[in-house]
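Here is a short briefing on one protein chain. Start with the sequence and the model, then use the points below as a guide.

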Amino acid sequence: MAGNRIGRINEEIQRELSGLIRTLKDPRLQGGLFTITHVDTTNDLRYARIFISALDKSQEKDMMKGLKSAAGYLRRELGAAVNLRYTPELQFIADDSIEQGAHILEMLRNPEVVKPANPANEHIVLEDEA
């Protein structure tokens with residue numbers, strides 16, 4: 001039961017932070033697009049790791065610095081929005097899982113890397129390859 005509660009808290013923190021981040025006026029956060037991919041809160045609700053994936057990897061370091069500098073403000077606003085005994089300390093972590101998934105998908109679509117499981121199906125052409 002406790003795992004389900006933590007999952008609901010993680011979803012609520014993710015939803016609230018995505019709205020709060022849009023209100024930040026830090027120039028390091030204005031230019032780039034990024035998303036909160038996952039939130040992982042400890043069982044005692046003291047710490048929350050926020051995984052951020054940036055669209056433009058060249059701006060990722062600046063965005064992470066901007067988010068870390070705004071962590072206190074975000075924590076205060078999160079505490080006002082979410083009714084918890086403790087408002088978790090926010091730790092922002094760069095996440096490259098979307099990029100890794102795109103790389104794996106690209107490898108799977110490459111016929112030199114992945115051979116068809118059944119040679120009789122080599123004549124089938126997928127929609128996006130046509």
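Two strands count as paired if DSSP finds at least two bridges between them. By that rule, strand E1 (residues 34-41) and strand E2 (residues 47-54) pair: seven bridges join them, and they run antiparallel. The model is predicted. The protein chain holds five helices and three strands.

**Overall layout**
- From the N terminus, the elements of the protein chain follow the order α-α-β-β-α-α-β-α.
- The protein chain has 130 residues, and 28% of them are buried.
- About 9200 Å² of the protein chain is exposed, with 52% of that area supplied by carbon and sulfur atoms.
- Take the contacts between residues at least 6 apart in sequence: 62% of them join residues at least 24 apart.

**The sheet**
- The three strands make an open sheet, ordered E1-E2-E3, with mixed pairing.
- E1 and E3 each have a single partner strand and stand at the edges, so one side of each lacks a neighbour in the sheet.
- On average, neighbouring strands of this sheet are turned by 25° against each other, direction ignored.
- E2 and E3 run parallel and are joined by six bridges.
- One bridge to E3 pairs tyrosine 47 with glutamate 89.
- On the E1 side, threonine 41 has alanine 48 in E2 as its bridge partner.
- Five residues lie between the strands in the hairpin of E1 and E2, where leucine 45 takes a positive phi near 60°.

**The nonpolar core**
- Which residues touch the most other members of the largest nonpolar core? They are Leu17, Ile50, Leu74, Leu90 and Phe92, in a core of 26 residues.
- Two or more residues come from each of helix H1 (2-21), E1, E2, helix H3 (60-69), helix H4 (71-81) and strand E3 (89-94).
- H1 gives the most to this core, at six residues.
- Leaving out residues up to four places away in sequence, leucine 17 touches Ile36, Ile50, Leu74 and Leu90.

**Around glutamine 30**
- Glutamine 30 sits in helix H2 (residues 27-30).
- Beyond its neighbours within four places in sequence, glutamine 30 contacts Leu24 and Lys25.
- How far apart are the C-alpha atoms of glutamine 30 and methionine 63? They are separated by 8.9 Å, although the two residues are 33 residues apart along the chain.

Terms used: Residues are numbered from 1 along each chain as its sequence is written. This is a predicted model: local features need pLDDT of at least 70, side-chain atom pairs count only at pLDDT 80 or more; totals for chains, interfaces and linings use all residues. Side-chain values use heavy atoms; hydrogens and water are left out. Helices (H or I, at least four residues) and strands (E, at least two) are DSSP runs, numbered from the N terminus. Contact means heavy atoms within 4.5 Å. Buried means under 20% relative accessible area, exposed over 50%, partly exposed in between (1.4 Å probe, protein chains only). Accessible areas come from the Shrake-Rupley method with a 1.4 Å probe; for residues, only the protein chains shown count as cover. A nonpolar core is a set of buried Ala, Val, Leu, Ile, Met, Phe, Trp, Tyr and Cys residues joined through side-chain atoms within 4.5 Å. Axes are lines fitted to C-alpha atoms, for helices over the stretch in contact, and angles run from 0 to 180 degrees between N-to-C directions.
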